[in-house]
Amino acid sequence: MTAQLTPRADGRPDSGRIRRPPDPRRRRLASIAAVIAALFLVAVWQTGFTPWALFGRMDAIGNLLGRMLPPSFVDWPRYVSAVAETLWMVIAGTSIALVLAVPVSVLAARNTTTGPIAYNVCRFIITVTRAVPSLVLALIFVRAMGIGPAAGVLAMGISSVGMIGKFFSDRIEEIDMGLVEAVRASGAGRLQVFTAAVLPQVLTNWISLALYRLDINLRNSVVLGFVGAGGIGLELQRVQGQLVYSRVLAIALIILVLVIITERISLLARRAIQDEDTPRENPFSLRARLRAHRQKRKGTSAAESEAGSGTVKTEVSAKARTATPDQPARISVGWYAGRIRRWTMALLAIAAVISSFAILQFGPIRLITAIGDIVPYVAAMFPPDFVSNFGRHLDLLLETIWMAIAATVLGMLISLPIGILGARNATVHRHAAAVARTLTMLVRGMPDMVIAIIFVAAVGLGPLAGVMALTIGSIGMAGKLIADAIEDTDLEGQGEAMKASGTTWLQRTFTSTIPTTMPAIVGVGLFMFDVFIRAATIIGIVGAGGIGLALEGSFRSRDLDQTLALVIMIFLIIYGTEKLSAWIRRQIL
Amino acid sequence: MPSTTDRNSRQTDSRVGPENEFAVRIRNVTKEFTGGAVRALNDITLDVPTGQRLVLMGLSGSGKSTTLRLINALAEPTRGEVEVLGQNPSGLSSRELRQFRRQIGFVFQHFNLVGRASALENVLVGALGGLRGPRYGIMTYPDSLRREALRQLERVGLADKAFQRASTLSGGQQQRVGIARALLQRPKIVLADEPVASLDPESSRQIMDLLFEVCDQDGLTVICNLHQMEIALGWADRMVGLRSGEIILDRDARTLTPEDVSEIYAQAQPQAAS
């Protein structure tokens, strides 16, 4: 500490320094904040998200609301069958992914793999299928196989392999190897070891993971459907093309309800399976994704596999498999309630999977012909063509980045108060917390793409609609994450001390809540930027600005070599922004 | 700066006037929690004259903290009446309540500082109740207040740590910041809830010396919950013992012996065991 109580030159005692002494770290933070503020202003200007632009379009927004309300369900028989088709698509797609992911995950787990070659090949499959956006796959498959749910099923099936495989293999790596050795020592073969020692230890968690992925695929199916892969998304695209906005709103509401209901059902199903098992965090949950994001940024683990397995390691094997209750001498388990319930659920699941393939008429022959259709399309992508339309692509790429910056900053500005109100330990009133939480839940149920369609209709084609859609969409994610982060922080003591000195809620918010949770809030902001860069690359497909427009255009004009070039450029942008936010995180924390 | 104790106590007297002979009057107060399932205080009556240094002793759960929380209206009595500085807090609007609380400094067992903020900023929190609108960072407080806050930090011997994060200070230092924060409120009453229970014996002595010294300088009424009888006997004017929500001892502290005090705890032993 510097001596701050030295007398001043004129002899009068100085009461000391009342300004913070200069601190290089703070100065660096201030300059980062200044750069972000400047970038935000440029982004606002570039995307046309200026206050006057908004006020200028108030008429148009009001006009659209007039045309949307009330929602029109006159076409309801179509919607019912579209919803059914969506559900069958999601079930079929997820089950394809599961079938593919099980062998991949076994070979990609260090403790069950057969050798370094199999391990690395499977890790590679996981990395690639996670990296390729399902939307790009859907675009290819729709062109190759024709419009309809089959393309969606295949896109979903392949793009889910990476995520499912990764989490499945993480679970395998956590199992108790003693059991494996015991079974192996009894002379069991590889498959026998798997079914007797590995599977029982991971099965409940695997089922939970599959149910989570089902949720994600349902949400994603709207986007896939929109490019022609069937289901409710295709229906949305149809009514949007006809500009019948009362029907657009109707379908948007159907999607919202569908997403929320399936989320509830899958939650109940997971609870029913999990019962006495150790509760573990949903690895797809926002919270877990944010933490994985944070760890990746910190660079504590280079490989993603470590990031996941390191965070959620619990003593599952020790607790979960306790001995079954003592039974009198009999050789069958008997049909007690839990067993009946499990078998009923399993049979229902199998029936659902079989009917999904039957109803969608997606059999093995279709699969083989599909591969024959797809191969020429993939071949046509090589070599990538970076040269044609380079200037335009570059412009759109920059636009994508500006959109993400503008939406992140604006979204955080809106989500921060909602998050604070939604945190039970920082809210102004219990009811305010309930309202804020409900708001975030409802927004979260609405896919970005649907919000983007509505804003494109309201303010016209271009990045403005995209920024508005992402900003509104961020309330669902950032609002929830901020509220969670605040609830995880202990503010009780500080809050009471401040209350005792006669402060208002707003004063407590600025002096205690925000400064105390600032690192977490910044973390959420960086995470949102990451999410928005990805989202901004695809919402161009509905005309909401960004590189997505060129992506779809290259398909339409059959310039698939340009498509590949665009995909590579998107990768580089995502990779670059990840590095950037890692750097910012290091400076701040 | 206060120069002598005399002048200050005179000032205090003239300021409060005759109706405030008592800083705190608690009349037949009962406090129940969870809809009557738990009775924290049972028909307590306690008058604290202005300028008195009162120590409340008793086991955990005897009602000490509840008493303090009733005085600054962090809790409301189930029955009975609390009058503090001539006001009954239960009838106040939220704005009046904030003004009421500004006159009462509170020192907490766990310091309750904003860990990520500097020591000076934490002291400034004491002035927040007297300001309008939210503040973020020390530069948003007026110069005069910052100077005053630094003076209070000087009084508790921490001026050199003014810009250090509160979470990096030792427990004793954090409690000094807590005291400076309470003093910046320019309170008439200081309530201290087990101020040294989280500290080692040496820091405890220093903190209690400091707390009573500064309160004496400013002529404040002090009500302090304590466990350590030797510390209490050194400082208090008056000692009140609580057990199971009832007052079982109320004596001039100067005539009190350690044996008397240990009875507060000793009597409770059989009950605690059952």
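Me: Two strands pair if DSSP finds at least two bridges between them, so how do you know that S5(B) and strand S6 of chain B pair?

Reply: The model is a predicted one, and in it S5(B) and strand S6 (residues 189–193) of chain B are joined by four bridges, running in the parallel sense. Since at least two bridges are required, the four that link these strands meet the condition. Looking at individual residues, B:Gly105 stands opposite B:Val190 in S6(B).

Me: What makes S5 of chain B an edge strand?

Reply: An open sheet of six strands in chain B has the order S5-S6-S7-S3-S8-S9, and its pairing is mixed. Strand S5 (104–107) and strand S9 (246–252) of chain B are the edge strands, for each pairs on one side only. From one strand to the next, the twist averages 15°.

Me: Why are both faces of S5(B) called covered?

Reply: In a regular strand the side chains alternate between the two faces of the sheet. In S5(B), B:Ile104 and B:Phe106 lie on one side and B:Gly105 and B:Val107 on the other, and these four residues are all buried. To be called buried, a residue must have 20 or more other C-beta atoms within 10 Å of its own, and with such residues on each side, both faces of S5(B) are covered.

Me: How do you know that strand S3 and strand S7 of chain B pair?

Reply: Strand S3 (residues 53–57) and strand S7 (residues 221–226) of chain B share five bridges and run in the parallel sense. The cut-off is at least two bridges, and the five between these strands satisfy that. Within this pair, B:Leu54 faces B:Ile223 in S7(B) as the residue standing opposite.

Me: Why do strand S2 and strand S4 of chain B stand at the edges?

Reply: Three strands of chain B form an open sheet in the order S2-S1-S4, with antiparallel pairing. Strand S2 (38–49) and strand S4 (79–84) of chain B each have a single partner strand, so one side of each is left without a neighbour in the sheet. The twist in this sheet averages 15° from one strand to the next. Strand S1 (residues 22–33) of chain B is joined to S4(B) by five bridges, and the two run antiparallel; B:Ile26 has B:Val82 in S4(B) as its bridge partner. Helix H2 (residues 64–71) of chain B lies across S1, S2 and S4 of chain B, at about 120° to S1(B).

Me: Is B:Val24 buried or exposed, and what decides the matter?

Reply: B:Val24, which has its place in strand S1 of chain B, has 23 other C-beta atoms within 10 Å. A residue needs 20 or more to count as buried, and therefore B:Val24, with 23, is called buried. Leaving aside neighbours within four places in sequence, B:Val24 is in contact with residues including B:Val48, B:Ile71 and B:Val84. B:Gly86 is 62 residues away from B:Val24 in sequence, while their C-alpha atoms are 8.0 Å apart in space.

Me: How do you know that the reach of helix H5 of chain B is close to what is expected?

Reply: The expected span is 1.5 Å times one less than the number of residues in the helix. Helix H5 (residues 143–155) of chain B has 13 residues, for which 18 Å is expected, and from its first C-alpha to its last it reaches 18 Å, which is why the two are called close. Several residues of H5(B) are buried, among them B:Leu145, B:Ala149 and B:Leu153, and what covers the buried residues includes helix H4 (119–128) and helix H6 (171–184) of chain B. After H5(B) comes B:Gly157, whose phi is positive, near 80°.

Me: What makes up the side of domain 1 of chain A that touches domain 2 of chain A, by class?

Reply: Contact means C-beta atoms within 7 Å, and 15 residues of domain 1 of chain A are in contact with 19 residues of domain 2 of chain A. H19(A) gives the most to this side of domain 1 of chain A, with five residues. By class, the side of domain 1 that touches domain 2 has 13 nonpolar, one polar and one charged residues. The C-alpha centres of the two domains of chain A lie 28 Å apart.

How values were computed:
Residues numbered from 1 in each chain as written. Chains lettered and ligands numbered in written order. Predicted model: local features only at pLDDT ≥ 70, side-chain atom pairs only at ≥ 80, totals over all residues. Axes fitted to C-alpha atoms, helices over the stretch in contact; angles between N-to-C directions. Domains from an automatic or database assignment. Contact = placed C-beta atoms within 7 Å. Nonpolar A, V, L, I, M, F, W, Y, C, P; charged D, E, K, R; others polar. Buried ≥ 20, exposed ≤ 12 C-beta atoms within 10 Å, placed from the backbone.
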